[in-house]
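I opened this notebook page to record what I looked up in the model and in what order. The entries follow below.

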Amino acid sequence: MIDLVGLTAISLVCIITYLLAIRWPEIATILLTAIVVRLTLIYIDHFIMPLPDTTIDAVAFETFAWRIAENGFVNLLDYYPGFRYDFFQWLIAIPYSLFGRSVLMAKSMSLLFGIGSIFLTWKIANILWGNRIAKKAAWTVTLFPSLVLYSVIVMREVYICFFVLVAIYGVIKWTKTNYFKYIFIALAGFLGASFFNGGMIVGAAIFLFIIFIQNLKNFYSSLLNYKINLKVVFILSFVIISSSYVYFKEYNLPKLGILKEFNSKLLLRKTVVNVRGEAGFPEWTKVTTVSELIYKTPARALYFVFAPFPWNITKMSHLIGFLDSLLYMYLVFLIFSNRKVIWKDPTLRVILIILIFYILVFGLGVGNFGTGIRHRSKITVLFILLAAPLLKKLVLIKK
């Protein structure tokens with residue numbers, strides 16, 4: 001039976017992509033290549049054979065979305081989970097409740113956010129590095145294997161990637177203009193990503209901390225000159241009040257719990273439990289005491305970014321993860337090679353700090369390189385943005 005709803009949804013995404021290509025012709029080739037590659041994979045996954053990572057979590061997400069959507073849109077409102085882990089399923093259930101069940105329609109939503117991520121990468125890299133380098137960054141996102149995969153299946157990663165880019169856009173504009181509205185854009189992006197994975201709220205916390213420290217310095221300098229900058233006072237007040245509100249309101253953040261009640265024992269228990277399975281991190285990476293956090297956190301962070309290593313490969317499926325890890329090794333090498341430029345630029349420095357904290361947090365939260373491959377794709381765009389100037393240029397030769 002032909003899935004007219006799904007085909008219509010995919011057609012709409014194609015039209016949107018074409019309109020973007022017309023409006024910004026300098027990346028038309030990139031966008032059209034992206035849509036062709038992704039449509040090909042959707043066809044393969046839907047009609048020929050399942051793609052990797054599509055047979056367990058993706059099926060469970062889609063099935064749950066249909067189960068809560070079966071009774072219609074009005075009843076779906078009763079299922080609204082709020083700031084919780086199953087928000088993604090609820091989001092997929094909205095079009096399901098209106099148009100019926102269609103896996104292709106769910107995949108078209110991932111496709112739309114995937115195309116949006118490519119466009120935002122180009123826009124952001126354009127601000128940071130200029131159009132020539134921005135095109136290289138956009139090409140990398142277009143063809144990066146894990147980003148391509150999660151743009152065509154029913155998973156959360158591409159949604160998180162999109163909202164992280166929205167947040168980074170706000171961060172960049174704030175550091176360059178110091179306009180207060182961009183703080184809201186950055187926080188909205190981090191909050192949007194956090195609806196899909198609670199750990200992404202760390203980006204907002206680090207960003208607010210950086211804002212607080214910088215404005216505290218400005219406030220101190222103004223006092224030395226017997227002046228008071230009302231804008232600085234307002235920003236400091238905003239950071240203190242908003243942080244206190246989240247803390248004392250006892251919000252239950254996904255996977256983090258209630259901040260006010262958070263304790264080290266809970267964190268240590270998670271680091272032990274997550275090291276499991278044949279793809280688990282080594283036993284020595286389990287953290288059993290608070291003091292071990294000091295030296296085992298960096299080790300787990302390295303495993304999160306670079307595993308599986310050659311000695312971790314025990315079957316053919318691990319080779320896919322190894323090839324993925326090679327790409328991250330390459331990106332980290334480029335970032336390290338460009339470290340002086342990055343650290344001298346206030347904007348790039350903030351992005352780097354946020355990336356480092358994401359790596360540390362996910363390093364503690366992930367204990368299996370199988371799931372690590374999926375989780376690190378959430379922040380791949382940050383690696384690419386920082387490495388962009390040294391990326392090799394993709395040249396299409398016409399004969």
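**Entry 1, salt bridges.** I took a salt bridge to be a side-chain nitrogen of Lys or Arg within 4 Å of a carboxyl oxygen of Asp or Glu, and by this rule I counted eight salt bridges. I note at the outset that the model is a predicted one. The general idea I kept in mind is that side chains of opposite charge can pair when their charged atoms come close.

I began with R374, which forms a salt bridge with D57, the closest N and O atoms lying 3.5 Å apart. This pair links distant parts of the chain, since R374 sits in helix α18 and D57 in helix α3, with their positions 317 residues apart in sequence. I then looked up the exposure of the two partners: R374 is buried at a relative accessible area of 10%, whereas D57 counts as partly exposed at 27%. The pair does not stand alone, for I found D57, E157, R374 and K378 linked in a network of salt bridges.

Next I turned to R101 and E62, whose salt bridge has its closest N and O atoms 2.8 Å apart. R101 lies in the loop between α5 (87-99) and α6 (103-129) while E62 belongs to helix α3, so this pair ties together parts that are 39 residues apart in sequence. R101 is partly exposed, with a relative accessible area of 42%, but E62 is buried at 6%.

The third pair I wrote down was E292 with K296, whose side chains meet in a salt bridge at 3.5 Å, N to O. These two residues are four apart in helix α14, and are therefore separated by about one helical turn. As a reminder to myself, an α-helix has 3.6 residues a turn, so residues three or four places apart point the same way. Both E292 and K296 are buried.

**Entry 2, helix α18.** Having met R374 in the first entry, I went back to the helix that holds this residue, α18. Helix α18 covers residues 369-376 and is mostly covered, with six of its eight residues buried. The buried ones are F369, G372, I373, R374, H375 and R376. What lies over them? The cover on the buried residues of α18 includes α3 (57-69), α9 (157-177), α14 (292-306), α15 (317-337), α17 (346-365) and α19 (380-387).

I also asked which residues R374 is in contact with, leaving aside its neighbours within four places in sequence. The contacts of R374 on that basis are D53, D57, Y150, M155 and E157. R374 counts as buried because its relative accessible area is 10%, and the cut-off for buried is under 20%.

**Entry 3, cysteines.** How many disulfides does the structure hold? I found zero disulfides. The reason in the case of C14 is distance, because its sulfur is 20 Å from the closest cysteine sulfur, that of C161, which is too far for a bond. C161 is likewise in no disulfide, its nearest cysteine sulfur being that of C14. I looked up their exposure as well: C14 counts as partly exposed at 27% relative accessibility, while C161 counts as buried at 2%.

**Entry 4, a nonpolar patch.** On the surface I noted a nonpolar patch of about 590 Å², made by L12, I15, Y18, L19, I22 and L32. Helix α1 (residues 4-23) gives the largest share of this patch, five residues. L32 belongs instead to helix α2 (residues 28-48), and L32 is partly exposed, with a relative accessible area of 37%.

**Entry 5, the whole chain.** I closed with the overall figures, and recorded 19 helices and two strands in the chain. The radius of gyration is 22 Å, close to the 21 Å that the globule rule gives for 399 residues, so the chain is as compact as a globular protein of that length. The C-alpha trace spans about 75 × 50 × 50 Å along its principal axes. Of the 399 residues, 51% count as buried. Among contacts between residues at least 6 apart in sequence, 70% join residues at least 24 apart. The chain exposes about 19700 Å², of which carbon and sulfur atoms supply 69%.

Conventions: Residues are numbered from 1 along each chain as its sequence is written. This is a predicted model: local features need pLDDT of at least 70, side-chain atom pairs count only at pLDDT 80 or more; totals for chains, interfaces and linings use all residues. Side-chain values use heavy atoms; hydrogens and water are left out. Patches are made of residues with over 30% relative accessible area and no salt bridge: like charges are joined within 9 Å, nonpolar side chains (Val, Leu, Ile, Met, Phe, Trp, Tyr) within 5 Å. Accessible areas come from the Shrake-Rupley method with a 1.4 Å probe; for residues, only the protein chains shown count as cover. Buried means under 20% relative accessible area, exposed over 50%, partly exposed in between (1.4 Å probe, protein chains only). A disulfide is a pair of cysteine sulfur atoms within 2.5 Å. The radius of gyration is taken over C-alpha atoms; the globule rule is 2.2 Å times the number of residues to the power 0.38. Contact means heavy atoms within 4.5 Å.
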